[in-house]
Amino acid sequence: MEFVNAFSVSLQSVWYDSGFASFTLGNGIMIAVGLLLLYMAFVKEFEPLLLGPIAFGCILANFPNTGFFGEEMNVMKAINYGITYEIFPPLIFLGIGAMTDFSPLLARPSTLLLGAAAQIGVFVALGGAMLVGFDVHEAAAIGIIGGADGPTSIYLSTKLAPHLLGAIAVAAYSYMSLVPLIQPPIMKAMTSLEERQIEMKELRQVTKFERVVFPIVSTIFISLLLPPIAALLGCLMLGNLFRESGVTDRLSDTAQNALINIVTIFLGTGTGMTMSAESFLKADTLLIIALGLVAFMGGTAGGLIFGKIMCKATGGQINPLIGSAGVSAVPMAARVSQVVGMQAKPGNFLLMHAMGPNVAGVIGTAVAAGTMLAMLK
């Protein structure tokens with residue numbers, strides 16, 4: 001009998017220590033959300049490199065009694081440290097810089113204006129967020145979703161609204177992955193068939209000197225103008241300098257392959273682990289998702305409007321479709337410009353022209369984030 005009682009007590013102890021005893025409906029909902037995100041990442045291939053780790057982190061965050069955030073969990077503390085202290089986003093930008101070719105932007109510098117115009121969505125969403133009750137810091141973090149730049153969204157939200165990090169990250173990467181679905185209807189509604197059929201002249205050849213000088217000059221000027229984004233922009237341009245110098249191939253290869261892959265796993269998983277039921281299942285989350293869509297659509301529309309202005313100003317030499325690539329979803333937004341242009345006129349090659357505003361959008365979103373940090377911190 002004594003053995004039976006001891007065994008019963010042991011079973012009860014196992015049960016109470018298990019996750020099943022503390023499992024809530026909220027945990028179940030968030031695990032379902034994680035599974036949905038995994039489906040989007042691995043089956044639909046929507047930004048799988050980051051959406052996949054975010055989804056799995058979301059699932060892990062909703063297992064009760066794991067002790068993931070306790071003092072003894074050094075691995076999880078290290079991951080959270082990298083996010084909280086903005087270590088991972090600059091390292092992601094280092095890899096992005098090493099993978100980015102700024103030649104289309106340098107060949108036609110005027111497309112920098114299209115990247116700037118696409119940031120309109122950021123400020124439209126910022127105003128909308130304040131109207132529905134978010135404070136200015138939260139609104140700024142939500143608005144940056146319109147730039148379609150995941151690392152910048154995470155960087156800004158950790159500084160201004162860390163409690164909204166999970167919702168903002170999921171919205172940013174979800175809308176980035178849905179570029180081929182969201183942008184074409186807006187592009188077709190805002191441009192005429194004749195505008196979409198415009199063929200653009202071949203870009204000039206950019207010299208190596210220009211490609212090497214650009215990241216150096218950009219870093220100096222923008223970092224002095226907006227010190228809060230020196231880490232992001234500096235790493236972006238350092239990565240690009242590794243690429244263009246011609247003498248640091250090993251560093252360039254590491255930045256755009258091994259390093260960015262490792263940091264992406266940590267950044268995505270750590271971000272996903274902020275999506276616990278307690279922090280995510282709120283009415284504010286739905287508002288953030290909706291405002292993120294407004295921001296993204298506004299950015300697309302802003303780029304198209306300025307593209308139409310440039311088309312008129314140049315006597316029809318600029319196809320307005322490349323304006324939609326001003327959101328910094330590289331290179332997907334540029335590919336969408338190419339696809340819509342080809343639908344209007346087979347053989348109309350817009351990809352390299354669209355890459356100009358596309359890479360300008362990366363800089364534009366970082367500048368928008370830096371401007372808000374300078375004003376609000």
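**Inside a helical chain: questions and answers**

Visitor: At 19% relative accessibility, does Glu 86 count as buried or exposed?
Guide: Buried means under 20% relative accessible area, exposed over 50%, and partly exposed in between (1.4 Å probe, protein chains only). Glu 86 has 19% relative accessibility, and therefore it counts as buried.

Visitor: What kind of model is this?
Guide: Residues are numbered from 1 along each chain as its sequence is written, and side-chain values use heavy atoms, with hydrogens and water left out. Local features need pLDDT of at least 70, side-chain atom pairs count only at pLDDT 80 or more, and totals for chains, interfaces and linings use all residues; this is a predicted model.

Visitor: Where in the chain is Glu 86 found, and what is its phi?
Guide: Glu 86 is in the loop between helix H5 (74-84) and helix H6 (88-99). Most residues other than glycine have a negative phi, and most peptide bonds are trans. Glu 86 is not a glycine, yet its phi is positive, at about 50°.

Visitor: Which peptide bond is cis, with omega near -10°?
Guide: The proline concerned, Pro 331, sits in the loop between H19 and helix H20 (332-344). The cis bond leads into this proline from the residue before it, running from Val 330 to Pro 331.

Visitor: How many helices and strands are there, and what is the radius of gyration?
Guide: Helices (H or I, at least four residues) and strands (E, at least two) are DSSP runs, numbered from the N terminus. The chain has 21 helices and zero strands. For 377 residues the globule rule gives 21 Å, and the chain comes close to this, so it is as compact as a globular protein of that length, with a radius of gyration of 23 Å. The radius is taken over C-alpha atoms, and the rule is 2.2 Å times the number of residues to the power 0.38, the value for the chain being 23 Å.

Visitor: What share of the chain counts as buried, and what share of the exposed area do carbon and sulfur atoms supply?
Guide: Of the 377 residues, 54% count as buried. Accessible areas come from the Shrake-Rupley method with a 1.4 Å probe; for residues, only the protein chains shown count as cover. The chain exposes about 16800 Å², and the share from carbon and sulfur atoms is 69%.

Visitor: Which helix gives the largest share of the largest nonpolar core?
Guide: A nonpolar core is a set of buried Ala, Val, Leu, Ile, Met, Phe, Trp, Tyr and Cys residues joined through side-chain atoms within 4.5 Å. The largest one has 104 residues, and those touching the most other members include Phe 102, Met 275 and Ile 363. The largest share of this core, 11 residues, comes from H21.

Visitor: Why is helix H10 described as largely enclosed, and which helices do its buried residues pack against?
Guide: Six of the eight residues of H10 (residues 136-143) are buried, so the rest of the structure largely encloses it. Among the buried ones are Glu 138 and Ile 142. These buried residues pack against helix H9 (120-131), helix H11 (150-160), helix H12 (165-177), helix H19 (283-313) and H21.

Visitor: Which residues does Gly 356 touch, not counting residues up to four places away in sequence?
Guide: Gly 356 lies in helix H21 and counts as buried, at 0% relative accessibility. Contact means heavy atoms within 4.5 Å. With residues up to four places away in sequence left out, Gly 356 touches Pro 104, Leu 105 and Thr 111.

Visitor: What is the relative accessibility of Asn 358?
Guide: Asn 358 lies in helix H21 (residues 351-376). Not counting residues up to four places away in sequence, its contacts include Val 330, Pro 331 and Met 332. Asn 358 counts as buried because its relative accessibility is 0%.

Visitor: How far apart are the C-alpha atoms of Ile 92 and Val 179?
Guide: Ile 92 lies in helix H6 and counts as buried, at 3% relative accessibility. Its contacts, not counting residues up to four places away in sequence, include Pro 151 and Ile 260. Val 179 is 87 residues from Ile 92 along the chain, and their C-alpha atoms are separated by 21 Å.
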